[in-house]
Amino acid sequence: MEKKAEIRAALERSFDTKMLEVIDESEAHRGHAGYPEGGQSHFRVRIHAPELTPLSRIARHRAIHTAIGPELISRIHALAIEVEG
């Protein structure tokens with residue numbers, strides 16, 4: 001399974017997502033540190049989930065990292081997070 005699909009599945013399992021985009025931005029980082037051949041290293045998550053709304057920015061990021069899990073997080077180089085709502 002591609003990492004993009006793994007990230008999506010993990011977030012959908014953990015949150016009542018009203019909107020979710022997982023964008024692979026790896027190609028824009030070709031030649032930079034952390035870019036492996038084949039990509040799947042740099043991702044952006046845009047999410048709206050009611051349970052994230054009352055949390056601080058740091059708590060939201062922690063919740064998303066926890067949902068994705070340490071094993072998957074360790075296999076990506078960068079994760080940008082945009083929480084709406």
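Colour the protein by secondary structure: three helices and three strands appear. Helices (H or I, at least four residues) and strands (E, at least two) are DSSP runs, numbered from the N terminus. Along the sequence the pattern reads α-β-β-α-α-β. This is a predicted model, in which local features need pLDDT of at least 70 and side-chain atom pairs count only at pLDDT 80 or more, while totals for chains, interfaces and linings use all residues. Residues are numbered from 1 along each chain as its sequence is written, and side-chain values use heavy atoms, with hydrogens and water left out.

**Whole chain**

Show the C-alpha trace. Along its principal axes it spans about 40 × 25 × 20 Å. The radius of gyration is 13 Å, close to the 12 Å that the globule rule gives for 85 residues, so the protein is as compact as a globular protein of that length. That radius is taken over C-alpha atoms, and the rule is 2.2 Å times the number of residues to the power 0.38.

Switch to a surface. The protein exposes about 5000 Å², and carbon and sulfur atoms supply 51% of that area. Accessible areas come from the Shrake-Rupley method with a 1.4 Å probe; for residues, only the protein chains shown count as cover. Of the 85 residues, 32% count as buried. Buried means under 20% relative accessible area, exposed over 50%, and partly exposed in between (1.4 Å probe, protein chains only).

Now turn to contacts, meaning heavy atoms within 4.5 Å. Among those with a separation of 6 or more, residues 24 or more positions apart account for 60%.

**Helix H2**

Select residues 57-68. This is H2, with twelve residues; from first C-alpha to last it reaches 17 Å, close to the 16 Å expected at 1.5 Å a residue. The expected span is 1.5 Å times one less than the number of residues.

Add side chains for Arg60, Ile64, Ala67 and Ile68, the buried residues of H2. Look down the helix axis: these buried residues fall within an arc of 100°, so they line one face of H2. The arc is that of the directions from the helix axis to the C-beta atoms. An α-helix has 3.6 residues a turn, so residues three or four places apart point the same way.

What do the buried residues of H2 pack against? Show helix H1 (3-14), strand S2 (42-48), helix H3 (70-73) and strand S3 (78-83); these are the partners. Then rotate to the face turned away from the buried side. Ile58, Arg62 and Thr66 are exposed there. Step just past H2 to Gly69, where phi is positive, about 90°.

**Salt bridges**

Display side-chain nitrogens of Lys or Arg within 4 Å of a carboxyl oxygen of Asp or Glu; each such pair is a salt bridge. The count comes to eight.

Start with Asp16 and Lys18. Their closest N and O atoms are 2.9 Å apart. Asp16 is partly exposed at 41% relative accessibility, and Lys18 is exposed at 52%.

Move to Arg46, partly exposed with a relative accessible area of 25%. Arg46 bridges to Glu82, with the closest N and O atoms 2.9 Å apart. Arg46 lies in strand S2 and Glu82 in strand S3, so the pair ties together parts 36 residues apart in sequence. Glu82 is partly exposed, at 27% relative accessibility.

Arg46 also forms a salt bridge with Glu21, the closest N and O atoms being 4.0 Å apart. Glu21 sits in strand S1 (residues 19-24) and Arg46 in strand S2, so this pair links parts 25 residues apart in sequence. Glu21 is partly exposed, at 34% relative accessibility.

Finish by selecting Glu21, Glu25, Arg44, Arg46 and Glu82 together: salt bridges that share partners join them into one network.
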